[in-house]
Amino acid sequence: MELTPRFPHFLHGGDYNPDQWLDRPDILEKDVELMQKAHVNCVSIAIFAWARLEPEDGVYDFTWLDQVIDRLWKGGIHVILATPSGARPAWMAQKYPEVLRVNSQYQKMHFGERHNHCPSSPAYRRKVREMDTALAKRYAHHPAVILWHLSNEFSGECHCPRCQQAFRDWLKEKYGTLEELNKCWWTGFWSQRYTDWSQVEAPSPLGEVSSCSMSVDWQRFLTDQCKSFIEMERDAVQAVDPSLKVTVNMMERFWGYDYFSMAESVDVVSWDSYPSWHSGDDLARGAEFAMNHDIMRSLKDAPFILMESTPSQVNWKPHNKLKEPGMHLLSSMQAVAHGSQSVMYFQWRKGRGGGEMFHGAVVDHYGESDTRVFADVTEVGESLEKLEPIYHTKPHAEVCIIFDWQNRWAIDYAQTGQKGAMNYFDTVLSHYRGFWEQGITVDFRDMRDCTDLSGYKIVVAPMLFMFRNGFEQKLRRFVENGGTLISTYFTGVVDEHDLAYLGPTPHGLTDVFGFRAAELDALFPTEKNQLVLENGQGTYEITELCEILANCTAEVKGTYQRNFYQGQPCLTVHSFGKGKAWYIAAKVEQQFLLDFYLGIAKDAGVSPTFCETLPTGVVPASRDNVTFLQNFSMKEQRVQLTHTYHDLLHDTTVTGQQVMPVNGLLILQPV
């Protein structure tokens with residue numbers, strides 16, 4: 001898939017804010033010179049430039065942007081052009097106060113910050129369409145422009161009367177009648193039954209906070225509302241040139257919108273990656289951000305764009321640590337290994353003021369190229385040029401993990417177990433890491449109707465609390481047809497309305513797993529249990545949650561060591577059809593999952609993409625037949641290669657023992 005057909009190459013550059021420097025033409029001229037020196041070939045511009053583009057209502061000033069784009073193009077720099085809807089000018093908030101959001105306390109926000117617009121506001125949508133259309137007519141056919149960047153990091157919610165009515169209209173379309181809504185929301189609880197649509201209000205600390213069904217529907221509505229806004233922007237710019245693709249930049253661990261659904265509205269997925277390296281365990285951090293990259297690749301089953309990263313540090317975390325030597329190249333190439341077609345930064349040049357004046361940048365306040373950070377960035381640019389032969393490749397997976405945003409909402413709203421701390425994302429991550437450290441590529445899928453599991457050998461479904469769209473039947477067929485399914489505690493408990501299933505759980509799959517889930521025990525923070533494997537094969541620590549199984553006909557592979565359920569099943573496997581269904585009934589430590597998935601992968605015929613023995617902390621990731629060896633161990637490592645490879649970064653042939661420094665990287669292609 002060509003993400004940027006006008007320039008089908010690895011992109012290197014970042015967010016560029018020339019509108020902040022219009023009084024310094026010398027700096028704007030020097031920027032292009034420095035970009036060329038850093039091997040930058042693309043920048044994203046105009047993301048927060050609305051006040052410069054439309055200084056007063058209906059009066060546009062594109063002259064400065066004409067000059068910037070022409071200057072960049074003359075210097076060989078391509079442009080990802082943004083629509084500026086992420087932050088509106090002060091005059092708009094003053095003239096059209098309806099554009100401002102109302103918070104969950106029913107307070108109208110004032111002008112300031114960003115992401116402060118009401119997505120239902122007719123005035124705001126009109127102004128955005130007008131701006132987007134004007135930008136498209138002027139720049140869509142400019143040879144420098146290769147992609148639309150719609151708005152910026154969509155997020156948030158509005159509780160104004162328009163949005164409340166939009167929510168009611170959405171519910172009417174979904175449920176048809178109040179009787180059906182009352183049924184699906186179980187409003188007999190606490191006399192919450194509605195007798196008129198006007199009585200329905202969005203969840204708020206001033207009103208309803210206990211209806212899990214309502215809260216999940218509110219998040220679904222917010223996703224659809226955001227999609228509607230994105231599609232409005234997309235349609236405005238593509239009405240001028242349908243061939244120019246659009247993206248929105250997404251965020252790590254983001255909870256507010258369903259990203260699988262949201263990605264349907266754009267052509268290209270991009271995201272902003274900001275790991276906290278050197279905080280004590282870079283191997284764990286590497287696993288987390290490998291998973292983030294793979295989620296983004298999986299949203300459209302296609303390569304993605306790393307739209308933002310930092311070349312040094314950020315300014316918004318409690319501890320804004322610098323990247324140590326080697327980490328910038330290592331972390332940048334990790335993104336490429338997992339399917340990125342770019343390494344882009346926030347930001348190109350540090351501003352002199354504002355909230356991000358100390359956020360990392362390629363060019364700092366010193367303003368010259370003789371800095372450590374500039375050298376690191378230049379190295380990444382040079383490396384991307386060397387990797388051009390693999391541009392059209394992408395990772396291939398035989399393993400799939402189910403990660404579903406709507407399931408995440410339902411878990412977070414559930415008042416049970418570790419209330420408010422069920423740790424769904426981190427649980428999925430712990431299973432992912434069991435494959436990642438082996439160098440086994442993983443796709444992520446959710447429970448939409450379009451999800452197809454037939455191409456995988458292994459499917460992992462951790463904490464799949466909610467079943468929707470009949471997904472349990474897909475899991476059943478997957479096992480029947482010979483697949484290996486791994487699931488865990490807290491699976492198949494509620495339906496798509498977040499109503500508990502009546503009857504045995506996991507719903508519709510008790511015969512597949514060979515037991516009934518009976519009770520869920522929550523351990524205190526200081527309390528531990530242990531998983532004891534059969535035949536003395538090992539003991540592993542359990543924390544947080546333990547599920548008690550009943551009527552077990554599955555083969556028991558491990559039992560609980562403590563508590564009143566001592567000796568009862570904790571790890572089971574059951575043959576069903578041509579396949580196997582494993583169940584891990586408790587939150588077991590990471591080392592268990594590392595050991596467990598070694599055996600599972602071997603048994604299912606899934607091999608690592610790089611067949612060399614590697615020390616712990618050196619992790620392989622592959623695109624086609626090119627492998628990125630990444631040293632996240634925080635110490636020097638020696639790697640013994642038994643085959644001969646071409647080192648793409650240094651254009652040399654390597655075999656035998658290779659010394660990898662701290663944060664070291666090798667990119668190898670078999671000879």
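"Buried" here means under 20% relative accessible area, with exposed being over 50% and partly exposed in between (1.4 Å probe, protein chains only). Helices (H or I, at least four residues) and strands (E, at least two) are DSSP runs, numbered from the N terminus. By that yardstick, Trp405, Gln406, Asn407, Arg408, Trp409, Ala410 and Ile411 of helix 13 are buried.

What you're looking at is a predicted model, where local features need pLDDT of at least 70, side-chain atom pairs count only at pLDDT 80 or more, and totals for chains, interfaces and linings use all residues. Residues are numbered from 1 along each chain as its sequence is written, and side-chain values use heavy atoms, with hydrogens and water left out.

Back to helix 13 (residues 405-413): 7 of its 9 residues are buried, so the helix is mostly covered. Contact means heavy atoms within 4.5 Å. The buried residues of helix 13 pack against helix 8 (212-238), helix 9 (259-262), helix 10 and helix 14 (424-436).

Now for the sheet. Its 8 strands form an open sheet in the order 7-6-5-4-3-2-1-8, with parallel pairing. Strand 7 (305-308) and strand 8 are the edges, each pairing on one side only. From one strand to the next, the twist averages 30 degrees. Two strands count as paired if DSSP finds at least two bridges between them. A few of the pairings look like this:

| Strand pair | Sense | Bridges |
|---|---|---|
| Strand 1 and strand 8 (residues 342-345) | parallel | 4 bridges |
| Strand 1 and strand 2 (residues 42-45) | parallel | 4 bridges |
| Strand 6 (residues 268-272) and strand 7 | parallel | 3 bridges |

Why is strand 1 largely enclosed by the rest of the structure? Because 6 of the 6 residues of strand 1 (residues 11-16) are buried. On the strand 8 side, histidine 12 has valine 343 as its bridge partner, and glycine 14 has tyrosine 345. On the strand 2 side, tyrosine 16 is partnered with isoleucine 45. Strand 1, helix 1 (residues 25-37) and strand 2 also make a right-handed β-α-β unit; right-handed means that, with the strands pointing away from the viewer, the path from the first strand over the helix to the second runs clockwise.

In a regular strand the side chains alternate between the two faces of the sheet. In strand 8, Ser342 and Met344 point one way, Val343 and Tyr345 the other way, and all are buried. Over in strand 6, serine 270 stands opposite isoleucine 305 of strand 7.

Some helices lie across the strands. For the angles, axes are lines fitted to C-alpha atoms, for helices over the stretch in contact, and angles run from 0 to 180 degrees between N-to-C directions. Helix 5 (residues 122-139) lies across strand 3 (78-83) and strand 4 (145-150), at about 160 degrees to strand 3. Helix 10 (residues 282-299) lies across strand 5 (246-251), strand 6 and strand 7, at about 160 degrees to strand 6.

There's also a helix pair to check out: the axes of helix 11 (residues 327-337) and helix 12 (residues 372-386) come within 9 Å and cross at roughly 35 degrees. His328, Leu329, Ser332, Met333 and Val336 of helix 11 meet Asp376, Val377, Glu379, Val380, Ser383 and Leu384 of helix 12.

Finally, lysine 108 sits in the loop between helix 4 (90-95) and helix 5. Lysine 108 counts as partly exposed because its relative accessibility is 41%. Not counting residues up to four places away in sequence, lysine 108 touches Pro97, Glu98, Leu100, Arg101 and Val102.
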